[in-house]
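Thanks for coming, everyone. I'll walk through one structure today, from its cores out to its backbone oddities. Please have the viewer open.

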Amino acid sequence: LSALCMLPPGFVESSCQSRIFWMKLNKLLLQGKFFQLEINDPYAGPILLDEKLASRCGYVLSEDVWGNPIFRASVLGCHVANEVDELFSLTVNIKISSFSSMRAAVTYTYPMYCSYSSWASREIVCEENYMEVSVRTDVPAVSNDYTVAWMSALPETQNVAYQQWQLMFVSPSGRKRITVSDAAKLGYSFNNTLSRVYLRAPYHTNESDVSVVSGVNMNMVTSTSMYRQRWLLLLIDTTVSCPIDGISFTDTTLTWTVPRVIPTLVVQESTFLSKTILLGVDGQVVVNPEENNYLLEHNETHIRITIPVGAEGGKLKSAVSGGIYGIIYSVDLFLEHTWTDADWQTTKYTVIKSITTPFMPQMPTVINNTLPEERLFNVAFGHFLPDVSLVAIAIGNVPFTLREAQHHGFKIYETLFSNRTKGFVLEVSFDDPYVLKEYVNRNETKYTLLVNYTVSVGPEMTPYYHSAEVECVIADIEIPEAVGYCDKENLYLAIPTFGLHQYWNLYLGSKPLSRHVALTNGYLAATNSTHLILQIPLFAVGVIYEEVFFQKIKARFDVALRKLRTMETLQMFSVRCNFNYPAFIICQPDGTIMISAQMKTIPAIDMSKTKLRDSSCKPREYNEEHAFFKFHVTTCGTSVRFEGDHIIYENEISYEKETLPEQSTPTITRDPDYRLSVLCYYQAKETLVLSAFSTNPSTSPSFGSGTMIPRSNIAAYRRIRQTLNVVSRVSKDESFTEFYEPNAAILERPAEPMFLEVELKDESPDVELYLENCWITASLDFNSTPRWNITVDGQVVIEKPMHS
C-alpha cells in the first residue's frame with residue numbers, strides 16, 4: 001500500500017528544454033531514503049521505470065553532477081499525451097520509502113507539461129541510452145474525391161495505422177525487413193503522430209553499424225519506414241546516427257568533438273548549410289560561452305567544445321585511488337546543431353552528453369609559512385576541494401584527534417585559496433616537546449616538525465594519509481665566553497655552564513674534562529648557578545709554558561669547547577698570565593729542561609760558578625741566591641733511566657770547589673760537596689722517540705714533571721745511564737748510502753724489503769747499542785693496531801702484514 005501526498009517544497013524542479021521533459025529531484029530530501037519512478041499511463045495505469053523500458057520509450061534516469069536524480073523524457077515518449085503535436089503532458093509517480101523493498105512507500109504524483117510547435121522537418125536526439133529520429137510526413141492529396149474521406153478517417157487511421165508500417169534496416173550483414181511489432185521485440189520503438197513518424201533505437205543493436213566520421217565513432221541505424229495501403233506507398237528515411245566517443249582530456253581541459261557534417265544524414269553535402277550551433281550546460285542554453293571560459297569552435301568538419309576542468313556548471317569531486325588523492329570533474333552538456341540541405345530542408349540535431357574526466361592525481365602541497373622570529377611553525381596543507389575534511393594529525397608519530405590537538409596547544413584552522421580550494425593550517429611552537437631539536441653548525445638549532453595528516457575525502461569519507469617534514473634553522477644558541485684570571489700560584493677559568501653536556505663538552509687536549517680528570521690533574525672545580533670555575537695550579541698537568549725566563553714564567557691553560565657528536569672544536573677558552581716565581585723546574589715536551597734553582601748556603605755560593613754535570617753547562621742568568629739553567633735532555637751529562645711507565649732524566653747542579661785565600665795555615669776550603677739533583681719524569685709512551693718517521697703534528701706531547709732534590713756528594717753513589725745520542729734512518733737500498741728525509745712518507749709493497757739503520761753516536765767505550773723492540777704499524781699512533789713485529793726482546797721475528 002502507498003499513500004498519496006503533497007510534494008515537499010523544493011523537492012522537484014522541472015522544465016521543457018528542446019522538446020525534452022527535464023525533472024530533477026533534490027537529493028537532500030532523499031538522504032537515507034529509497035525511491036522509484038513510475039510512468040503513469042492514462043490507459044494502463046502506473047508502469048515501473050526500468051532500463052529496458054527507458055531506452056525503448058525515450059526515458060533517461062540518471063544523476064546530475066551534484067548527485068541529484070535526473071529524469072528526462074522525449075515528448076514522443078511512449079506514454080506522453082500528445083495534442084496536435086504541440087502540447088505534451090506526462091505524469092510521473094515518485095515513490096519514496098525508508099526500506100529497500102519499497103514497503104510503506106509514500107507516492108507523489110507529478111505532472112509535467114511541454115509546449116513545442118517549432119518542429120523541424122527532421123529532428124534527431126542522441127540521448128545517453130537511445131537514439132531518436134522523427135520526420136514530418138507530408139502526404140499529398142490523390143484527388144478531390146478522396147480528400148474528404150481521407151481526412152475524416154485520419155483520427156482512426158492514426159490509432160491503427162502503425163500496424164500497417166514496416167521497417168527495412170540496412171546493415172553490413174544485409175537488408176532486414178520486419179514489422180513494427182517485431183521491431184518492438186528487438187528494443188525499437190516506432191510510431192506516428194498526426195504529422196510525424198519517429199523511430200527510437202537503443203545503441204549497439206544487431207541492425208546498427210559503427211562508422212568513423214571525421215575521427216569520431218558514430219553509431220548508426222540505417223532504416224526506411226514504409227507504409228502501404230491500397231492506393232498509397234509511403235517511404236520515409238528514418239536513418240539516425242549518433243556519436244559514441246569524441247571525448248579527450250588533458251590535465252586542465254576536456255574537449256568534446258562532434259562531426260559537423262554526417263554523410264549518412266546529409267546526402268547532398270554541396271547543399272549543406274549550418275544555421276545555428278547552441279551549447280547547453282546542465283539543461284540550460286549558454287548564451288555567452290566565453291564568459292564561463294567555454295570555447296565553442298567549428299570548421300568545415302568539426303564542432304569542438306573545450307571546457308576548463310573546474311569550469312562553472314560542472315562539478316569537481318575529490319577521490320582517492322591507490323592511496324593517492326585526486327579529483328574528478330563532471331559536467332552535463334548538450335549540443336544543438338541546426339542545418340538545412342536540399343533533401344530535408346531543416347534538420348535539428350541534438351546530442352546530450354554527460355562527461356566525467358578520468359581520475360586526475362593531485363599531489364597535495366605543504367606550504368611552509370613558518371615564522372622564525374616568533375619561533376612558530378605555520379604550515380598550510382592543501383589544496384583540497386570543499387568535500388575534504390581534516391580528521392586527525394600525528395606530530396612526531398604521536399596521534400591526536402583534532403580536539404586533543406587543540407587541547408594540547410596546537411592551533412588548527414581552515415584557510416581558503418584563490419582558486420576556490422581550501423587548506424588546513426597547523427601552528428606549532430618550536431618549543432613544543434613533540435618538535436625535534438638538533439644542534440647544528442656553530443650556534444644554530446634545527447627544529448623539525450614531523451606531521452602525518454589524516455583527511456576524509458568525499459561523501460564516501462575515504463581516508464587519505466599524507467606525511468610532511470618541515471625544518472627551520474635559526475641562530476638561537478649563544479656560544480659561551482670564558483673569563484680567565486690568575487693569582488700568585490694559580491690560573492683560573494670561569495666558563496658558563498649553559499649548554500654544557502647538552503650541545504657541547506669541554507676537552508683538555510683529547511680527553512673530556514670530567515670532574516675525575518680535574519681531580520686527577522690537581523685542578524679544583526666548583527660550580528654555581530651560571531658558571532664552572534676551574535682553578536689550575538701553575539705547575540699542574542696541561543699548563544703550557546710559553547716563555548720561561550729567570551724567575552719569570554709566561555703560562556697558558558687551554559680548554560676546548562667541542563660539539564657533542566662531531567667533536568668539532570667551536571671555541572678555545574684560554575687564560576694566560578705572567579708569574580714571578582723564584583724556584584722551579586719545567587720539563588718541556590721537546591726535552592728542554594728549564595730550572596730556576598735557589599741555593600741558600602752559609603757562606604753564600606757564587607752562583608756564577610754553579611754548573612751541571614757537564615762543567616761546560618753554566619747558568620744563563622743568576623743573582624746572589626738563584627741560577628737559571630736551560631738545556632736539553634741529550635746534553636749537559638743528563639742521564640736517563642726507566643721506572644715503570646716513566647722515563648726519568650736526571651742531572652744535578654753543583655758548585656765547583658773553591659779555595660779561600662791563604663791567610664794562615666792550615667788551608668781553608670769552602671764545602672764543595674753540596675749538590676742539587678734535578679729530575680724530569682716523562683710518560684714512556686708519550687716521550688719523544690728518535691725515529692725516521694713523522695709524528696702527528698696535531699697531537700701535542702704532554703709536558704714532563706720535574707723535581708729538584710738537594711743532596712750531599714757523600715751520599716751513596718747511584719749508577720746512572722748517560723743520555724744516548726741515537727739516530728735512526730731508512731735507507732733507499734741495501735747500500736745504506738742514500739737515506740729518506742726525516743718525516744717523509746715511504747710507500748712500499750708488502751713483499752718489498754725495508755732497510756732500517758739505527759746508529760749510536762756516542763764515543764763512550766763502555767756503551768753499546770742493543771735494539772730491543774722494533775715494529776711496524778699502519779698509522780702514526782704507537783698504540784695503533786694491527787702491528788707487525790720486526791724484533792721482540794732483541795730477537796728478529798718478521799711478521800709480514802696481511803695488506804699494505
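**Cores, rings and a pocket**

Let's start inside. The largest nonpolar core has 52 residues, and Trp165, Trp256, Ile307, Leu333 and Tyr349 touch the most other members. Strand β28 gives this core its largest share, five residues. A second core lies apart from that one, with 39 residues, including Tyr439, Tyr545, Ile553 and Cys577. One caution before we go on: this is a predicted model.

Now the pocket. I'm taking the second largest one, at about 970 Å³. What lines it? The second largest pocket has 37 lining residues. Nearest its centre are Lys315, Leu316, Lys317, Ile328 and Leu385. Four strands each supply at least two lining residues: β27 (315–321), β28 (324–341), β29 (345–356) and β32 (376–384). Which strand gives the largest share of the lining? β28 does, with five residues. We met β28 a moment ago, with its five residues in the largest core. By class, the lining splits into 14 nonpolar, twelve polar and eleven charged residues.

On to the aromatics. The structure contains 28 aromatic pairs. Take Phe384 and Phe424. Their ring centres are 5.8 Å apart and their planes make an angle of 40 degrees, so this pair is tilted. The stacked class needs planes under 30 degrees apart, and edge-to-face needs over 60. What does the pair connect? Phe384 sits in strand β32 and Phe424 in strand β36 (residues 422–429), so the contact ties together parts that are 40 residues apart in sequence. Are these two buried or exposed? Phe384 has 0% relative accessibility, so it counts as buried. Phe424 is buried too, at 3%.

Compare Tyr485 and Tyr492. This pair is stacked, with 5.0 Å between centres and 10 degrees between planes. The two partners sit in separate accessibility classes. Tyr485 is partly exposed, with a relative accessible area of 39%. Tyr492 counts as buried, at 12%.

Back to the phenylalanines. Phe384 and Phe424 belong to one aromatic cluster, together with Tyr325, Phe381, Tyr453 and Tyr464.

Two charges sit over rings. The charged end of Arg562 is over the ring of Tyr507, 4.8 Å from its centre. Lys732 lies over the face of Tyr740, 5.6 Å from the ring centre.

Last topic: the backbone. Most residues other than glycine have a negative phi, and most peptide bonds are trans. Here are three places to check against that.

First, where is the cis bond? A cis peptide bond joins Gly382 and His383, with omega at about 0 degrees. His383 is in strand β32. That strand also holds Phe384 from the tilted pair, and β32 helps line the second largest pocket.

Next, Asn441. Its phi is positive, about 55 degrees, although Asn441 is not a glycine. Asn441 lies in the loop between β37 (436–440) and β38 (444–457). With 45% relative accessibility, Asn441 counts as partly exposed.

Then Met461. Again phi is positive, about 55 degrees, and Met461 is not a glycine either. Met461 is in the loop between β38 and β39 (462–474). Its relative accessible area is 58%, so Met461 is exposed, the cut-off being over 50%.

To recap: β28 gives the largest share of the core and of the pocket lining. β32 carries His383 and Phe384. Let's take questions.

Key:
Residues numbered from 1 in each chain as written. Predicted model: local features only at pLDDT ≥ 70, side-chain atom pairs only at ≥ 80, totals over all residues. Heavy atoms only, no water. 1 Å grid on protein atoms, 1.4 Å probe; cavity = no way out; pocket = protein on both sides within 12 Å on 5 of 7 lines; lining within 4 Å. Points joined across faces, edges and corners; volume = space filled by probe spheres on them. Nonpolar A, V, L, I, M, F, W, Y, C, P; charged D, E, K, R; others polar. Phe/Tyr/Trp six-rings, centres within 6.5 Å; stacked < 30°, edge-to-face > 60°. Buried < 20%, exposed > 50% of the residue type's maximum accessible area, 1.4 Å probe, protein only. Lys NZ or Arg CZ within 6 Å of the ring centre and 35° of its normal. Core = buried A, V, L, I, M, F, W, Y, C linked by side-chain atoms within 4.5 Å.
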